[in-house]
Amino acid sequence: MLLLQQMIVLFIYMMIGYAACKKGYLDEVASSKLSWIVVNVANPMLAISAAVNGDGKIQGIELLMTFGIAVLMFGSFMVFAKILPKVLCVEEEEVAFYKLMTVFNNMGFMGFPVIAAAYGKNALLYASIFILPFNVLFYTYGIKVIDKNKSSKFEWKKVCNVGVLACIVASILYLSKMPVPQFVKSVSEGLGNLNGPLSMMVTGIAFAKIRIRDLFTDAKLIIFAMIKLLVIPILGTLFLRQFIHNEILCGVVMIIMATPVASMTLMLAKETCDNCETIVKGISLTTLLSVVTIPLVSAITSLFIL
């Protein structure tokens, strides 16, 4: 019930952005600026806040185990990325889009706010570990998949962005138990709290630019969304619970697996492709459905366990 309530809260934030855009108060320029704040300020500060305002109960070995789970998860996603386009009989020119949408989830915009609300800010330490493999994979595997000429080079400066650096700093502060001034705690908490409202308002602005009914006319995309948002996270969570008995860690991984397609995939696709309609629709459809599917995944996995 708590997870459903949080998704309703995020949906309300999204509708505020949607309505503000429809009324002309917000536009794509405002969306771009808000996105910058989320990616470079709010999201990193959320990870820092988890480290300095947490209760200190997570052990270092658990963080290392979480990294191993993250590697396993992304490895599994890459396997699914090879299989799903063939199963769905996706046209050759859209295979790269489906691979990107399969591997990369919207952990920051959607996952972090939900995890913080459902399991507490301390749980974000687990979630932040997933950012490093995400970024490395995004700027290696992601570029290789989308670049038709295979000419793009790996750039460490893209991987070592503010989000990754914040996660590293957060881990150091948490594990070292380093004392920090109260104003640092207050600033990180205040800026981190912007993440949920702003990220969902940006999503709402994006929705205002498309016709919602167009999202439900592509049968392949709908089947893909159901597999990504329901089948994969349910099976993945049930498998993980056979070996991991930490309820918070399992819950964090479940939410991360159940989040919609990452909006960053569109930015990457635009660099080499003129027509990115499939990714736009994929992001929009999975984001809209995730408001319902994330609580549903939680309920179904809990039912199986009981």
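Is Met 65 buried, exposed or partly exposed? In this predicted model, Met 65 has a relative accessibility of 33%, and because buried residues fall under 20% and exposed ones over 50%, Met 65 counts as partly exposed. The residue lies in helix H3, and, leaving aside residues up to four places away in sequence, Met 65 touches Ile 244 and Leu 249. Along the chain Met 65 and Leu 249 are 184 residues apart, yet from C-alpha to C-alpha they are 9.8 Å apart in space.

Helix H3, which spans residues 60-87, offers a useful path into the rest of the model. The axis of H3 comes within 9 Å of the axis of helix H7, residues 131-146, and the two axes cross at roughly 35 degrees. As H3 passes H7, the crossing is right-handed. On the H3 side, the residues that meet H7 are Phe 67, Ala 70, Phe 74, Met 78 and Ala 81, while H7 brings Leu 132, Pro 133, Phe 134, Leu 137 and Tyr 141 to the contact. Sorted by class, this contact of H3 with H7 has 10 nonpolar residues, with no polar and no charged residues among its members.

Phe 74, one of the H3 residues that meet H7, deserves a closer look. Phe 74 has a relative accessible area of 3% and is therefore buried, since that value is under 20%. Not counting residues up to four places away in sequence, Phe 74 touches Val 103, Met 107, Phe 130, Pro 133, Phe 134 and Leu 137. The C-alpha atoms of Phe 74 and Ile 232 are separated by 12 Å, although the two residues are 158 residues apart along the chain.

From Phe 74 the view widens to the interior. The largest nonpolar core has 91 residues, and within this core Phe 74, Phe 104 and Phe 130 touch the most other members. Phe 130, with residues up to four places away in sequence again left out, touches Thr 66, Ile 69, Ala 70, Met 73, Phe 74, Met 107, Val 253 and Ile 256. Apart from the largest core lies another core, of 12 residues, among them Cys 21, Val 38, Met 201 and Ile 205.

The next stretch to follow is the loop between H3 and helix H4, residues 95-103, where Cys 89 is found. The phi angle of Cys 89 is near 55 degrees, which is a positive value in a residue other than glycine. With a relative accessible area of 55%, Cys 89 is exposed, because that value is over 50%. Helix H4, by contrast, is mostly covered, and 8 of its 9 residues are buried. The buried residues in H4 are Val 95, Ala 96, Phe 97, Tyr 98, Leu 100, Met 101, Thr 102 and Val 103.

Other cysteines can be set beside Cys 89. Cys 21 is buried, with a relative accessible area of 10%, and Cys 250 is buried as well, with a relative accessible area of 1%. The count of disulfides in the model comes to 0.

Two further places complete the tour. Lys 177 is found in the loop between helix H9, residues 162-176, and helix H10, residues 182-192, and its phi angle is near 55 degrees, a positive value in a residue other than glycine. Leu 238 has its place in helix H12, which covers residues 219-240. Not counting residues up to four places away in sequence, Leu 238 touches Thr 301 and Phe 304. Leu 238 and Glu 277 are 39 residues apart along the chain, and their C-alpha atoms are separated by 34 Å.

Definitions and conventions
Residues numbered from 1 in each chain as written. Predicted model: local features only at pLDDT ≥ 70, side-chain atom pairs only at ≥ 80, totals over all residues. Heavy atoms only, no water. Axes fitted to C-alpha atoms, helices over the stretch in contact; angles between N-to-C directions. Helix = DSSP H or I, 4+ residues; strand = E, 2+ residues; numbered from the N terminus. Left-handed = near helix turned anticlockwise from the far one by under 90°. Contact = heavy atoms within 4.5 Å. Nonpolar A, V, L, I, M, F, W, Y, C, P; charged D, E, K, R; others polar. Disulfide = S-S within 2.5 Å. Buried < 20%, exposed > 50% of the residue type's maximum accessible area, 1.4 Å probe, protein only. Core = buried A, V, L, I, M, F, W, Y, C linked by side-chain atoms within 4.5 Å.
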